[in-house]
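Trainee: I'm new to this one. Could you take me through one part of it up close, and then show me a few other spots worth a look?

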Amino acid sequence: MGGVNEIGSNKAVSVATTPPISAPPSQFHSPSLSRSPLLASDDHIQPANKIPRISTPRFVTPLGSPIRRALQLTRLDPHDAWLPITESRNGNAYYAAFHTLCSGIGIQALVLPVAFTILGWTWGIITLTLAFIWQLYTLYLLVQLHESTETGMRYSRYMQLCSATFGEKLAKWLALFPIMYLSGGTCVALIIIGGQTCKMFFDVICGGTCTAQPPTIVEWFLIFTSAAVLLSQLPNLNSIAGVSLIGAITAFGYCTLIWVVSVIEGRTEGVSYNPVRGSTEVTRIFDVFNTFGIVSFAFRGHNLILEIQATMPSDEKHPSSVPMWKGVKIAYTLVAMCLFPLAIGGYWAYGQRIPENGGMLTALFVFHGKDTSQFILGLTSLFVIINALSSFQIYGMPTFDDMESVYVKKKKKALPWWFRAILRAMFGYGCFFVAVAIPFLASLAGLVGGIALPVTLAYPCFMWLKVKKPKAFTPIWCLNWVLGLLGMALSGVLVAAGIYVIINTGVEVSFFDP
């Protein structure tokens, strides 16, 4: 670093000749620490109504160095100042907990008992526990990698960290498609889930007594999408903290309601806990691999952790990793309180009879729809709908950020509110079109999910090794190499299992017929 630190130190101090780029006054102290990996050297800004300042030597110094504190070098990033992820940096540990919990629990957790039908009690609990510890560890790595104390960089987006670590070309090959799928693909899935649950909620409320013609499933998709687009007009990630809080409460609520009702109602008639075995050895092997995928897919949200942490203020004395990790610990304590009872209680109540499609939610209506209070059934459905609407906002935010960055980088100013509204409506109704046009997308979830799995389980380990450079063959070095390689191997196996299932069972292709 010695040679780098001396760059420009012998140059004469001169008055900047290029006009300053104005920024909103509220953003003067909020964006990235010193440099952004996506900025050119002249992309610094000065607050509006300020006279051009004398340019200082271009010291590249560690975040907490005496030179940095003395000169108070702060190069603001206009892109960060006007983009929805980093537009506001006044987040805290509680906001982080809301966002993390809302994004970390989803409808896919309700199919965890299906994995137990293949693995059985012992291996099911062991697999779920190991997966929980593994993904929590990689999440911890991402929190620590968010900011560099050596360069002052804040990696506010998962793709930025990948590009800075692996290089832009390799990062695009490795992470671009999985991140796009985890954002846009999740929003499409949420529209399908939300629309179908709206129909279930309507049926529960009416109870067969309504004379009005119920909406079709496509119309339910459209109703859900319109509500999601309306909510998406909130400007930035911090502004949806209240939405994420409601989403977190409803996620915890419907998970708890479902497993509690299932356990109270008792085991279903003819329940069996003998593991399901395929007819051939190959089928049995791929069934086990698919259960690993079910357990792995129950944990989500790693592609949003850096974005959530970017909403927090940070300096050398108060790094954002401290409140972020506090929020994560709160969130994942509640996640564990949802997932483990769901998996264990659900398998105890239904055994091999747990439906593969819909999991616990479908089982609740199929086995206890008549002997459970309509209020409980309606409340559970309503919680699922509200959680899906809330999750749509946080999973759509990276895509909103990417779309708006094109305008901001070109115009060097914030996106007008009306243009932002149009872009977000286009994204929402684009997801609606995909949900209607390709309703069999869920059949490919195992295949595509296997491709996206390294974002959660493998890439954080490799990025930590590349950035932190631990001494070879130390325990932490070996741990990250083993987990990273194991994550990549698991991804390959799940992709192969997904292809096998598609070839063996087929996919019912029905365009525009949800």
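Mentor: Start at lysine 469, just after helix α18: this residue takes a positive phi of about 50°. Keep in mind that we're looking at a predicted model. Now step back into the helix itself. Helix α18 runs over residues 459-468 and is mostly covered, with 7 of its 10 residues buried. Those buried ones are Tyr459, Pro460, Cys461, Phe462, Met463, Trp464 and Leu465.

For a view of the outside, go to helix α15, residues 417-437, where you'll find tryptophan 417. Tryptophan 417 has a relative accessible area of 70%, so it counts as exposed. It also belongs to a nonpolar patch on the surface, together with Trp418, Ile422 and Met426. Taken together, the four have about 540 Å² of accessible area.

Then there are the cysteines. The count of disulfides comes to 0, and two of the cysteines help show why. A disulfide needs two cysteine sulfur atoms within 2.5 Å. For cysteine 255, the closest cysteine sulfur is in cysteine 338, and at 4.5 Å it is too far for a bond. Cysteine 255 is buried too, with a relative accessible area of 0%. Cysteine 431 tells a similar story: its closest cysteine sulfur sits in cysteine 187, 5.1 Å away, so that is too far for a bond as well. Cysteine 431 has 6% relative accessibility and therefore counts as buried.

Methods
Residues are numbered from 1 along each chain as its sequence is written. This is a predicted model: local features need pLDDT of at least 70, side-chain atom pairs count only at pLDDT 80 or more; totals for chains, interfaces and linings use all residues. Side-chain values use heavy atoms; hydrogens and water are left out. Buried means under 20% relative accessible area, exposed over 50%, partly exposed in between (1.4 Å probe, protein chains only). Helices (H or I, at least four residues) and strands (E, at least two) are DSSP runs, numbered from the N terminus. Patches are made of residues with over 30% relative accessible area and no salt bridge: like charges are joined within 9 Å, nonpolar side chains (Val, Leu, Ile, Met, Phe, Trp, Tyr) within 5 Å. Accessible areas come from the Shrake-Rupley method with a 1.4 Å probe; for residues, only the protein chains shown count as cover. A salt bridge is a side-chain nitrogen of Lys or Arg within 4 Å of a carboxyl oxygen of Asp or Glu.
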